[in-house]
Amino acid sequence: MPEEQNKVLDAWQISAQYWDKYRTLIAQIFAPLTAALVEEARIRAGQNVLDIGGGSGEPSLTISDVVGPTGSVMYTDPVAGMVEAARAEAGRRGQTNIDFKQCSADDLPFADRTFDAAVSRLSAMFFADPTAAMREALRVIVDHGYISFVVWGPEKANPFFSTITGVIDRLVEVPQEDPPDTFRFADPGKLAGILEKAAAKNVIERKLDFEIKAPIPFDQFWQIRTEMSGTLRGKMARIAPAQLPTVKQAVADAAEKFFASGTMSFPAEALIVTGRKSAT
Ligand SMILES: C[S@@+](CC[C@H](N)C(=O)[O-])C[C@H]1O[C@@H](n2cnc3c(N)ncnc32)[C@H](O)[C@@H]1O
């Protein structure tokens, strides 16, 4: 495995405990993205659905309810801590129609045409070889099936991220982030082009404007963001303890308008890219 991908997976292994800790909030704030995946990939009761890079369990846990007892979900993620967290949550909820497999998107251990659809929420940016991953997703779905991927739109349209990184990058000297990063597929057409290169048919890209909303104050937002993101953890580690209160206050000032009502509400933009294995 290339060293770059090892570093990516190591960071996600550390993140897994925080994605587990904040799972209720994550499910709530990204629910519009899961709903879009269900709609775009035409997921319905009785289907067998693949989730690629399922993290602490979404969208698998939601889709398990959509496909119901006559359907099934195959959760996958290459990071052991994520797989454990997702499996434990499914157990707590008694969701028995989900199977779990630790594997990478570009090497799926499933036979051709195993699934009705394949989806992935906010993970494609981190795939080591996105074209190989798209080919794999197409290989394992049925001929008339859909693959659908949600990725982040541009950083400037996503103050949930830029409010903190903008301040830190201005106040603290930090090295530029290496690719792959959160905004790797923010340019319109970029991920769609990769699906087409992988021979997906009827490729469609849609912009998803939504709100990242939850009844939490600024302090909790600060704690969650600085714990959950590997990139931010790296940047925070470079800030001298004495400088931290200044940085936090500058972020609080920049974020004030998104907490105007006392709770969090950020405008947000994602892209959803969908393709089929065979043209209609
Ligand atoms: C931002 S999280 C999203 C998790 C989850 N889908 C969600 O929306 O809550 C990104 C996920 O991509 C996974 N990931 C990283 N590299 C991957 C790869 N090569 N193949 C599949 N998933 C990968 C990480 O382990 C992590 O769980």
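In these legends, contact means heavy atoms within 4.5 Å. The model shown is predicted.

**Figure 1. Leu 122 and the residues it touches.** Leaving out residues up to four places away in sequence, Leu 122 touches Phe 30, Leu 33, Val 150, Val 151 and Trp 152. To find Leu 122, look in the loop between strand S4 (115-121) and H6. Is Leu 122 buried or exposed? Its relative accessibility is 10%, so Leu 122 counts as buried, the limit being under 20%. For a sense of scale, the C-alpha atoms of Leu 122 and Ala 36 are 12 Å apart in space, while the two residues are 86 residues apart in sequence.

**Figure 2. Thr 131 in helix H6.** Helix H6 covers residues 130-140, and Thr 131 is found in it. Which residues is Thr 131 in contact with, once neighbours within four places in sequence are left aside? They are Ile 194, Lys 197 and Ala 198. Thr 131 has a relative accessibility of 11% and therefore counts as buried.

**Figure 3. Arg 23 and its salt bridges to Asp 20 and Glu 89.** This view is centred on Arg 23, so here are its two partners in turn. With Asp 20, the side chain of Arg 23 meets in a salt bridge at 2.9 Å, N to O. With Glu 89, the side chain of Arg 23 meets in a salt bridge at 3.5 Å, N to O. Arg 23 lies in helix H2 (residues 23-29) and Glu 89 in helix H5 (residues 80-93), so this pair ties together parts that are 66 residues apart in sequence. Both Arg 23 and Glu 89 are buried, and for Arg 23 the relative accessible area is 11%. Asp 20, at 29% relative accessibility, counts as partly exposed.

**Figure 4. The salt-bridge network that includes Arg 23.** Widen the view a little and you can follow the network. Which residues are linked in this network of salt bridges? Asp 20, Arg 23, Glu 89, Arg 92 and Arg 93 are its members. If you would like to look for others, a search of the whole structure finds 14 salt bridges.

**Figure 5. Asp 143 and Lys 277, a link between distant parts of the chain.** The closest N and O atoms of the salt bridge between Asp 143 and Lys 277 are 4.0 Å apart. Asp 143 sits in strand S5 (residues 141-152) and Lys 277 in the segment after strand S7 (264-276), so that the pair links distant parts of the chain, 134 residues apart. The two ends differ in cover: Asp 143 is partly exposed, with a relative accessible area of 36%, whereas Lys 277, at 18% relative accessibility, counts as buried.

**Figure 6. The whole chain, for orientation.** Stepping back from the close-ups, you will find 11 helices and seven strands in the chain. The C-alpha atoms fill a box of roughly 55 × 40 × 35 Å along the principal axes. The radius of gyration of the chain is 19 Å, which agrees with the value near 19 Å for a compact globule with 280 residues. Of the 280 residues, 55% count as buried. Among contacts with a separation of 6 or more, 82% are between residues 24 or more positions apart. The chain exposes about 12500 Å², and carbon and sulfur atoms supply 52% of that area. As for charge, the chain has 30 positive and 36 negative side chains, with the centres of the two sets 2 Å apart.

Conventions: Residues numbered from 1 in each chain as written. Predicted model: local features only at pLDDT ≥ 70, side-chain atom pairs only at ≥ 80, totals over all residues. Heavy atoms only, no water. Helix = DSSP H or I, 4+ residues; strand = E, 2+ residues; numbered from the N terminus. Buried < 20%, exposed > 50% of the residue type's maximum accessible area, 1.4 Å probe, protein only. Rg over C-alpha atoms; globule rule 2.2 N^0.38 Å. Areas by Shrake-Rupley, 256 points an atom, 1.4 Å probe, with all protein chains shown as cover. Lys, Arg positive; Asp, Glu negative; His and termini not counted. Charge placed at Lys NZ, Arg CZ, Asp CG, Glu CD.
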